[in-house]
Amino acid sequence: MTDTARTARAGVPERPTLDGIEETWARRWQEDGTYAFDRSKERSDVYSIDTPPPTVSGELHMGHVFSYTHTDMVARFQRMRGRTVFYPMGWDDNGLPTERRVQNVYGVRPDPALPYDPDWTPPATPVSDDARKKPTAISRRNFIELCERLTAEDEQVFEALWRRLGLSVDWSLTYTTIGRLARATSQRAFLRNLARGEAYQAEAPTLWDVGFATAVAQAELEDRERPGAYHRLRFHAPDGREVLIDTTRPELLPACVALVCQPGDERYADLVGTSVRSPVFGVEVPVHAHPLADPAKGTGIAMVCTFGDLADVTWWRELQLDTRVVIGRDGRLLPEPPAGVPAEPYAALAGQTVNGARRTIVELLADAGDLVGEPRPITHPVKFYERGDRPLEIVSTRQWYLRNGGRDAGLREELLARGRELHWVPEHMRHRYEHWVGGLTGDWLVSRQRFFGVPVPVWYRLDDAGEPDWSHPLTPDEAMLPVDPSSEPPPGYEEARRGVPGGFVGDPDVLDTWATSSLTPQLVGGWETDPDLFRRVFPMDLRPQGHDIIRTWLFATLVRSHLEFGVLPWRDVELSGWILDPDRKKMSKSKGNVVTPMALLEQNGSDAVRYWAANGKPGMDLSFDPAQIKVGRRLATKLLNASKFALGLGAADGLRAPYDNSSSARLTPRRDLELSATEPLDTAMLAELSGVVAAATTAFDGYDHTAALMATEAFFWRFCDDYIELVKERAYGTGPGADSARAALATALSVQLRLFAPVLPFVTEEVWSWWRYGSVHRAPWPTTYEVGRAVQAPGDPELLRLAADALSQVRRAKSERKLSMKAEVPLAEALGPAALLDQLTLVADDVRAAGRIAKLDLLPDRTPELVIACAF
């Protein structure tokens with residue numbers, strides 16, 4: 001039978017192509033429910049994934065493609081291993097990133113004092129730069145509706161890209177972090193934390209982002225190198241002694257509440273317990289000893305201000321110092337001086353920005369003769385909110401906190417123990433977690449002074465003077481959730497009592513976005529809303545995420561699960577690295593060096609891009625390399641064409657021979673009529689394939705998709721370049737030898753398609769559809785038993801390598817003589833050790849046929865290694 005007839009019968013297109021297969025198969029998968037989660041399975045049969053919900057605040061980039069492809073490969077592998085995979089997709093659409101995007105896109109800003117306007121329509125986009133600099137004020141509710149509108153549009157774009165990439169997500173399990181279910185889940189968890197004493201409110205020094213006008217948490221900080229200057233100030237002791245201190249923030253001089261030095265520092269030992277006068281203001285401040293003071297930094301004695309940095313907060317708290325706050329929430333110095341600070345010198349600073357006040361105080365110090373020398377320029381790390389563009393200030397505010405071990409040694413040890421229970425991929429990432437937990441200095445600040453977020457679900461009674469009773473918050477019943485205290489009254493109150501003495505006031509804040517994202521297992525798993533689903537998926541099997549958010553998302557999720565359930569939220573965590581640009585710098589939107597994926601997916605095909613992503617190991621950074629994507633394209637093309645060729649050789653017959661001509665070629669084969677491999681070359685190839693199956697399975701079990709791909713790809717090229725070339729002449733024939741070849745081809749093609757399927761889902765599904773039933777992604781993962789069942793006797797992988805070496809030498813001889821590969825070789829002599837030639841004898845017929853050798857003589861023990869000499 002000709003190869004054309006065979007491929008036509010097997011359903012192979014005449015001209016296979018990669019073009020358009022993404023749209024075809026994405027649609028088919030959705031129509032057929034290929035990746036639907038089976039709710040009837042028990043927990044032991046389920047593999048559940050706590051999928052990262054991408055932030056819906058712009059475009060996805062190659063970093064997203066990289067990490068989400070890794071997760072999808074895990075999902076596909078586990079599904080083929082027989083697990084029903086719980087693989088949801090969420091959208092993280094609440095919080096500051098969404099607000100910033102809405103403000104930039106539409107040129108608006110929220111103003112809670114404005115009434116809701118149901119007829120308001122947003123401006124046409126894009127808006128001008130002037131509109132962004134001078135945004136239009138709209139009501140809080142109008143602003144939230146605009147956030148919801150834009151995120152809904154972004155989510156459609158994101159979903160289209162994920163489908164194009166081939167993520168095997170069950171799209172019926174999609175969720176958001178701001179929808180009704182998310183708000184109810186987040187508020188329920190918070191109320192239970194509050195009832196157990198794990199959530200509490202406090203007036204305390206707070207890290208404050210002036211640009212966003214909100215508090216931020218320790219986990220959201222990052223240091224950025226910024227220029228500054230050391231200013232040397234002269235304080236005055238009662239005995240006339242001058243005490244010099246160095247500071248980069250002289251504008252905080254009116255907030256100075258103490259000087260601190262290292263205990264035992266002989267330079268200042270006599271000052272400890274006394275007081276000195278501050279320059280310009282003449283305020284008496286005490287001198288204390290504290291172990292955090294660095295005797296080698298500056299003059300060895302430091303000015304403590306409330307508050308300049310986190311060290312100031314520590315000193316203030318542990319030394320029980322006075323509080324003199326001078327910077328307000330707007331980043332300007334307060335209009336009135338704090339208690340004990342004279343008004344006259346302070347008036348020159350009142351209302352100024354930090355930078356303006358710094359210039360003014362330097363002038364005042366110079367005029368008073370208390371600025372020693374010139375400021376000394378430096379570059380130093382400055383604390384920023386990770387999404388902000390202005391240095392953080394520390395202001396005193398009332399906020400909500402959640403206990404996380406920062407001030408509770410017992411809880412800290414429990415959370416460290418949880419980290420040791422968790423299976424980390426790669427293992428060394430656990431140390432980052434332990435370093436973070438061990439270095440916590442305070443509890444988790446979970447309230448934010450923003451708008452598009454989950455409202456803090458509490459109200460406060462107002463006394464007869466209209467002052468809130470902070471210590472006894474009013475809370476809703478869980479059945480009422482979600483609630484919005486800004487627009488709904490608490491139980492037992494009418495809306496008319498809002499804001500009046502004897503009435504109530506709603507908490508105006510929203511919860512930190514991580515306070516909701518930390519509940520993704522509960523949110524998507526149906527906690528308290530679908531108990532049957534929850535018991536089947538929780539605790540989950542896998543949390544895939546970036547290593548840069550171990551301190552935020554991973555830690556926060558672990559905290560919430562530990563407090564609520566007393567268990568880990570998942571068994572394994574797989575960390576992905578960063579994508580680097582050609583200069584080896586992390587790709588990020590803030591740096592402007594990101595590459596968006598859609599054009600690459602369209603130009604090269606999704607499988608090619610996934611191939612590039614699969615070459616990055618968990619926890620390791622990967623350079624963006626378009627050349628690697630082209631390699632992936634060539635691999636997918638070769639898989640398409642080699643499969644067509646193998647089917648043309650009769651591979652389909654290997655699983656379905658013989659056929660009743662009156663029946664369909666796709667009938668279920670009879671097991672007693674399947675062929676098996678009997679020839680040495682065929683069993684040798686399958687023996688090597690069996691080792692590849694074992695290696696790839698072990699690698700995938702260990703979340704090492706890169707090693708699985710390398711093993712599979714290396715074998716595939718040997719299969720194409722060596723085995724197919726050696727066996728094709730025999731496969732074209734008839735009889736037992738041809739049957740053996742077709743059996744080996746059928747098994748090898750079937751197994752390789754499944755080994756490649758997690759990485760290259762589209763091309764493998766396309767080829768599978770030519771000759772097999774159902775979806776390759778629902779087919780069982782190949783096993784060594786399956787490969788072994790296809791042979792009548794064990795094979796020796798070295799035979800394939802030996803035959804390939806012999807054929808390679810024959811072809812090289814033809815090439816050197818500029819002959820066609822189809823040219824006849826009248827005589828070839830095989831020289832080498834006798835034992836080696838004995839082995840060659842087993843595959844000699846295939847070598848002669850593939851090399852078109854008329855006569856092959858074996859000359860033992862003439863050379864130490866195999867040599868094929870050709871006579872033309």
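How many bridges join strand S23 to S24? Six, and the two strands run parallel. This is a predicted model, and the report below starts with S24 and its partners.

**Around strand S24**

Strand S23 covers residues 540-546. Within this pairing, Leu542 stands opposite Asp572 in S24. To get from S23 to S24, the chain passes through helix H16, residues 550-565. This β-α-β crossover is right-handed.

S24 itself spans residues 570-576. Buried or exposed? The strand is mostly covered, with six of its seven residues buried. S24 also pairs with strand S17, residues 423-425. That pairing is parallel too, over three bridges. Here Val425 has Glu574 in S24 as its bridge partner.

**A helix pair**

Helix H11 takes in residues 409-421, and helix H12 residues 430-438. They pack at an angle of about 175°, with their axes 10 Å apart. Angles over 145 degrees count as roughly antiparallel, so H11 and H12 are roughly antiparallel to each other. On the H11 side, the contact residues are Arg412, Leu415, Leu416, Gly419 and Arg420. They meet Arg430, Tyr433, Glu434, Val437 and Gly438 in H12.

**The three-stranded sheet**

Further along the chain is an open sheet of three strands, ordered S28-S27-S29. Its pairing is mixed. S28 (853-860) and S29 (867-871) stand at the edges. Each has a single partner strand, so one side of each is left without a neighbour in the sheet. From one strand to the next, the twist averages 20°.

Strand S27, residues 825-832, runs parallel to S28, and seven bridges join them. One of the residues in this pairing is Ala830, whose bridge partner in S28 is Leu858.

Two helices lie across these strands. The table gives their angles.

| Helix | Residues | Lies across | Angle |
|---|---|---|---|
| H26 | 797-816 | S27, S28 and S29 | about 35° to S29 |
| H27 | 834-851 | S27 and S28 | about 175° to S28 |

H27 is thus roughly antiparallel to S28, its angle of about 175° being over 145 degrees.

**Confidence**

How far does the prediction's own score support these regions? The chain averages a pLDDT of 91, and 96% of the residues score at least 70. Residues 656-673 are a weak stretch, with pLDDT below 50. Beyond near neighbours in sequence, this stretch has 30 contacts in the model.

How values were computed. Residues are numbered from 1 along each chain as its sequence is written. This is a predicted model: local features need pLDDT of at least 70, side-chain atom pairs count only at pLDDT 80 or more; totals for chains, interfaces and linings use all residues. Side-chain values use heavy atoms; hydrogens and water are left out. pLDDT is the predictor's confidence in each residue, from 0 to 100. Contact means heavy atoms within 4.5 Å. Two strands pair if DSSP finds at least two bridges between them. Helices (H or I, at least four residues) and strands (E, at least two) are DSSP runs, numbered from the N terminus. Axes are lines fitted to C-alpha atoms, for helices over the stretch in contact, and angles run from 0 to 180 degrees between N-to-C directions. Buried means under 20% relative accessible area, exposed over 50%, partly exposed in between (1.4 Å probe, protein chains only). A crossover is right-handed if, with the strands pointing away from the viewer, the path from the first strand over the helix to the second runs clockwise. Angles under 35 degrees count as roughly parallel, over 145 as roughly antiparallel, 65 to 115 as roughly perpendicular and the rest as oblique.
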